[in-house]
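I opened a notebook on this structure to keep track of what I looked up. The entries follow in the order I made them.

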Amino acid sequence: GKPAVHLSQDEAPDLLERAVFEGWKVAVPQASSLRGAAISQALVESHLLRQTAIRDEWKTANGRTVVVVKDPGSGSVRLTAGRGFPVQGNTVSVLAEDLWYGPSSDQGLQLVSVSEPLEKDSLS
């Protein structure tokens with residue numbers, strides 16, 4: 001399938017532009033983990049992340065909470081699904097962070113590659 005970034009661009013261009021404009025991060029699950037998944041608006045929205053006033057706590061575009069867990073020993077970072085997710089406590093690993101530049105934008109979109117979607121129930 002197409003990468004999630006292009007997909008959400010087709011479905012929600014205004015959301016993606018807003019994400020770039022406001023400096024949100026976009027969590028992009030590995031393609032293999034999305035095989036057979038129904039990509040819904042909610043799935044896209046729950047992977048658009050903005051930082052909050054609370055350290056290590058992010059909010060998704062649809063108002064859910066994502067907690068950032070850093071391991072001081074290994075330096076690895078994980079994201080945990082918090083309040084508002086159908087299943088709380090689901091944890092995914094952050095594999096990489098990249099900046100993605102759209103054709104019309106000088107401001108990059110912050111992409112966070114994650115091992116699998118934060119929202120498990122959308123894969124059933």
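**Entry 1: E97 and K25.** I looked up the side chains of E97 and K25 and found that they meet in a salt bridge, at 3.2 Å from N to O. The two residues belong to distant parts of the chain: E97 sits in strand β6 (residues 91-100) and K25 in strand β1, 72 residues apart. I note here that the model is a predicted one. Is K25 buried or exposed? I find K25 buried, with a relative accessible area of 12%.

**Entry 2: the strand that holds K25.** I then went along β1, which spans residues 25-29. Five of its five residues are buried, so the strand is largely enclosed by the rest of the structure. In general, the side chains of a regular strand alternate between the two faces of the sheet. I therefore checked each face of β1 and found both covered, given that K25, A27 and P29 are buried on one side and V26 and V28 on the other.

**Entry 3: partners of β1.** Which strands pair with β1? I found strand β2 (residues 48-51), which runs antiparallel to β1 and is joined to it by two bridges. In this pairing K25 stands opposite L49 of β2. I also found strand β7 (residues 109-114), which pairs with β1 in the parallel sense over five bridges. There V26 stands opposite L111 of β7.

**Entry 4: salt bridges in the whole structure.** How many salt bridges does a search of the whole structure find? The search gives five. The pair of E97 and K25 is one that I had already noted.

**Entry 5: D56 and K70.** I looked up D56 next and found a salt bridge with K70, in which the closest N and O atoms are 3.3 Å apart. This pair also links distant parts of the chain, with D56 in the loop between β2 and β3 (57-60) and K70 in strand β4 (residues 65-70), 14 residues apart. I checked the accessibility of both partners. D56 is partly exposed, with a relative accessible area of 28%, while K70 counts as exposed at 52%.

**Entry 6: E119 and R64.** The side chains of E119 and R64 meet in a salt bridge too, at 3.2 Å from N to O. E119 lies in the segment after β7 and R64 in the loop between β3 and β4, so the pair ties together parts that are 55 residues apart in sequence. I find that E119 is buried, and R64 is buried as well. Before leaving salt bridges I noted a network: R55, D56 and K70 are joined into one by salt bridges that share partners.

**Entry 7: R64 again, and rings.** I looked at what else R64 does. R64 lies over the face of F85, at 5.0 Å from the ring centre. I also looked for aromatic pairs, and the structure holds zero of them.

**Entry 8: V67 beside D56.** My last residue was V67, which is found in strand β4. V67 is partly exposed, with a relative accessible area of 32%. What is V67 in contact with, leaving aside its neighbours within four places in sequence? I found D56, R78, L79 and T80. V67 and D56 are 11 residues apart along the chain, and their C-alpha atoms are separated by 5.9 Å.

Terms used: Residues numbered from 1 in each chain as written. Predicted model: local features only at pLDDT ≥ 70, side-chain atom pairs only at ≥ 80, totals over all residues. Heavy atoms only, no water. Phe/Tyr/Trp six-rings, centres within 6.5 Å; stacked < 30°, edge-to-face > 60°. Lys NZ or Arg CZ within 6 Å of the ring centre and 35° of its normal. Buried < 20%, exposed > 50% of the residue type's maximum accessible area, 1.4 Å probe, protein only. Helix = DSSP H or I, 4+ residues; strand = E, 2+ residues; numbered from the N terminus. Pairing = 2+ DSSP bridges. Salt bridge = Lys/Arg side-chain N within 4 Å of Asp/Glu carboxyl O. Contact = heavy atoms within 4.5 Å.
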